[in-house]
Structure formats: structure tokens, C-alpha cells
Amino acid sequence: MPMNPSEEKYDLVIVKDLVKYFPIRAGVLQRVKAHVQAVDKVSFSVKEGETLGMVGESGCGKTTVGRAILRLIEPTSGSVFINGEDIVQMRSQSLKQARRNMQMIFQDPYASLNPRLPIGESVMEGLHIHSIGHPRERWDIAINMLKKVGLEDYHARRYPHEFSGGQRQRIGIARALALQPKFIVCDEPVSALDVSIQSQVLNILKDLQAEFGLTYLFIAHNMSVVEHISDRVAVMYLGKMVELAEREELFRNPLHPYTKALMSAIPIPDPTVKRERIILKGDVPSPLNPPKGCRFHTRCPIAIDICSQQEPEFKELAPGHFVACWVAEKNA
């Protein structure tokens with residue numbers, strides 16, 4: 001059922017100190033020699049019916065956060081509460097039941113679809129796993145979901161290779177919706193699509209959110225896409241969250257120098273308007289051995305001495321505007 005706008009929204013998803021380290025093994029005995037610090041103590045919440053955009057460069061840990069929240073990969077530590085239940089502590093049977101309320105739309109829809117199954121069967125797969133309805137009811141639900149995303153009945157009997165990239169992404173959305181989840185992680189769902197198709201898929205996502213009261217974590221590296229669809233925006237860098245604010249506030253007044261650099265790369269459709277581009281020096285450090293202090297200080301144009309010595313705290317410097325930056329905190 002669509003959510004009543006007058007109802008007060010609550011935190012449907014609460015992530016506390018989420019950590020995911022990937023071990024690096026070497027030698028004959030395959031002992032752990034080091035860890036890739038993909039996600040390091042990330043905390044945030046997503047309100048019911050909200051879209052939280054998560055942005056950052058490739059390799060900053062965005063997708064790992066999304067997969068760890070749904071336990072598609074096991075978190076190293078931390079807590080993830082979805083609708084009041086800690087997903088991290090759940091055992092297999094209770095986790096299976098909880099997964100009805102949380103789904104994922106993958107970046108590559110072709111890789112996430114079984115090439116040997118007609119797409120109607122793929123959409124019904126989750127219904128079969130959770131023993132929802134009898135075969136005819138499942139087929140009707142699959143057809144209904146396909147129609148919701150702009151496809152037709154006859155498409156259900158075709159195979160993934162017979163569809164374009166945009167159509168496959170619509171199929172991925174229909175499959176995620178089939179179980180009527182409350183929370184969906186959208187992992188760069190439009191990054192591989194043409195610009196015209198991107199807008200169609202984004203509009204479908206927004207329409208479905210309004211119709212079903214869905215809650216999204218929208219992962220992307222395109223700031224323009226995030227600005228279009230998000231209510232709030234979180235910025236990640238090298239496994240850490242560096243800024244979080246309402247969309248309008250973040251795009252009007254970015255506080256972290258990394259966020260400012262990302263903003264400066266957004267294309268402006270008016271050729272008469274000039275924007276000063278911030279070019280970051282150096283390469284992104286390795287998550288195997290991240291820099292001491294602020295992880296961004298090796299590339300930061302305004303770094304001060306303390307940036308290389310102490311890690312800044314993720315603080316609320318303005319109402320609803322959180323940032324981890326010594327310079328921003330000093331100027332607040």
C-alpha cells in the first residue's frame with residue numbers, strides 16, 4: 001500500500017559500525033597475511049519510503065556496503081537492523097524469512113539472470129523459494145510485475161538474450177518487486193545503460209516507490225543520477241563515509257573537499273556557464289594499507305597537519321548534515 005505522506009516516517013534500516021575486511025592469504029598453508037579494508041565502521045539509517053543515494057569513486061566500498069546489508073556477503077562486524085531485526089545475528093531459516101522484505105537490483109542484469117530460464121520463470125523464482133501461492137498465482141504475480149515495469153505478457157516466455165539492456169534491467173526490477181519487499185538495494189542499476197534509457201528506468205523506480213511505499217539504497221557514481229532520485233545523499237571514500245546530508249543541502253553546500261571535487265565534475269548543460277574543476281592529485285590509496293588519519297588527506301587540496309595524524313569524527317555540523325573533516329569542523 002502507498003504510504004500516507006502525513007504519517008511520520010521511521011528508520012526502516014539502521015546500520016551501525018558496519019565493517020567488512022577481505023582476507024589476503026598467501027603461502028602453502030594459505031595463512032592470512034593482510035586484509036583489504038573494503039568497509040570500515042560505516043553507520044547510517046534509511047527512513048521508510050526514502051531513497052538514500054550513496055556515491056563515490058569505483059572501489060570506495062559502496063557495493064560492498066549494499067551486499068553486506070543484505071548478507072549476500074558476511075559482514076566482519078557491526079549491526080544491520082531492518083524493520084527492528086538485526087540481520088547480522090539471524091540464522092539461516094530466520095534470515096530466509098527476512099529476505100522477503102529486502103531485495104537487490106544488480107548492476108549487470110544479464111549476469112544476474114539465468115540464461116536457461118524464460119524471464120517469467122526468473123521472476124517467479126523467489127515466489128517458489130518462499131512457497132508463496134500455487135503455480136498459477138505465481139505466474140499471475142510475475143505477469144503483473146512485468147506489466148508494472150512496461151513489459152507485456154508474451155515477454156514472460158522469452159529468454160534473457162532476446163532483450164536489450166534496458167529491458168533486462170526492467171526484468172531485474174520486476175524480479176525484485178515480486179516478493180513485495182520493503183527495502184531494495186539498487187546497485188548502480190542504470191550505469192550500463194544509455195542516457196535516454198537511464199531516465200526511463202529511473203522514472204519506473206520512482207513511480208514504483210510511490211505506488212508501493214518502497215525504501216531504496218541507491219548506489220551510483222553518477223552525481224547527476226543521484227541528484228535526480230535521492231532524498232538524502234551519502235558520500236563514501238576508501239571504505240569510510242565522509243559526508244551525509246539532505247540532497248538539496250548537499251548540492252547547495254558541500255562541506256567535504258572530496259564531495260566538492262565530485263560536484264565539480266558534474267556536466268552543466270549550458271555551455272555559457274563555466275565551473276571551476278577540482279582536479280585531485282595522486283591516485284586513490286590502497287585499501288590494503290589506508291593512510292593514517294583522514295584517508296583523503298593524501299589527495300586533499302586543503303589538508304592541514306592534523307589531517308595526517310588523527311582520523312576526523314563523523315559529526316553533525318549543521319542540522320542533518322554530517323561530515324568527517326577537520327577543516328570543515330574548524331570552519332563551522
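## Helices and a sheet in a predicted model

Helix α6 passes helix α7 in a right-handed crossing. A crossing is called right-handed if the near helix is turned clockwise from the far one by less than a right angle, and left-handed if it is turned anticlockwise. Before we look around, a word on the model itself. The model is predicted, so local features need a pLDDT of at least 70 and side-chain atom pairs count only at pLDDT 80 or more, while totals for chains, interfaces and linings use all residues. Residues are numbered from 1 along each chain as its sequence is written, and side-chain values use heavy atoms, with hydrogens and water left out.

The element names follow DSSP runs numbered from the N terminus: helices are H or I runs of at least four residues, and strands are E runs of at least two.

**Helix against helix**

Let us stay with the pair we began with. Helix α6 covers residues 165-177 and helix α7 covers residues 195-212; their axes come within 10 Å and cross at roughly 15°. This angle makes α6 roughly parallel to α7. Axes here are lines fitted to C-alpha atoms, for helices over the stretch in contact, and angles run from 0 to 180 degrees between N-to-C directions. Angles under 35 degrees count as roughly parallel, over 145 as roughly antiparallel, 65 to 115 as roughly perpendicular, and the rest as oblique.

Which residues bring the two helices together? On the α6 side they are G166, Q169, R170, I173 and L177, and on the α7 side I197, Q200, V201, I204, L205, L208 and F212. Sorted by class, this contact has eight nonpolar, three polar and one charged residues. Nonpolar means Ala, Val, Leu, Ile, Met, Phe, Trp, Tyr, Cys or Pro; charged means Asp, Glu, Lys or Arg; the others, Gly among them, are polar. Contact means heavy atoms within 4.5 Å.

Helix α6 also packs with helix α4 (residues 119-129), at an angle of about 30° and with the axes 7 Å apart. These two are therefore roughly parallel to each other as well. Here too the crossing is right-handed. From α4, the residues I119, S122 and V123 meet I171, A174 and R175 of α6. This contact divides into four nonpolar residues, one polar and one charged.

**The sheet**

Now for the strands. Strands of a sheet pair through backbone hydrogen bonds, either parallel or antiparallel. Two strands are taken as paired if DSSP finds at least two bridges between them.

In this model, four strands make an open sheet in the order β2-β1-β4-β5, with antiparallel pairing. Its edge strands are β2 and β5 (85-86), each of which pairs on one side only. Helix α1 (residues 62-69) packs on the sheet, where it touches β1, β2 and β4, and its direction makes about 110° with that of β1.

Going pair by pair, β1 (residues 11-26) joins β2 (residues 31-47) over twelve bridges, in the antiparallel sense. Within this pair, K20 has V39 as its bridge partner, and F22 stands opposite V36. β1 also pairs with β4 (residues 77-82), again antiparallel, over five bridges. There K16 is bridged to S79, while V15 faces V80. Two bridges link β4 to β5 in the antiparallel sense, with F81 standing opposite D86.

**The helix on the sheet**

Is α1 enclosed or open? Six of its eight residues are buried, so α1 is largely enclosed by the rest of the structure. The buried residues are K62, T64, V65, G66, A68 and I69. Buried means under 20% relative accessible area, exposed over 50%, and partly exposed in between, using a 1.4 Å probe and protein chains only.

**Residues with positive phi**

Several residues have a positive backbone phi, and the table gathers them.

| Residue | Place | Phi |
|---|---|---|
| G27 | hairpin of β1 and β2 | near 85° |
| Q30 | loop between β1 and β2 | about 55° |
| R71 | following α1 | near 60° |
| N83 | turn of the β4 and β5 hairpin | about 60° |
| S131 | loop between α4 and α5 (135-148) | near 55° |

The hairpin with G27 has four residues between its strands, and the one with N83 has two. Neither Q30 nor S131 is a glycine. Q30 counts as partly exposed because its relative accessibility is 43%. S131, at 57% relative accessibility, counts as exposed.
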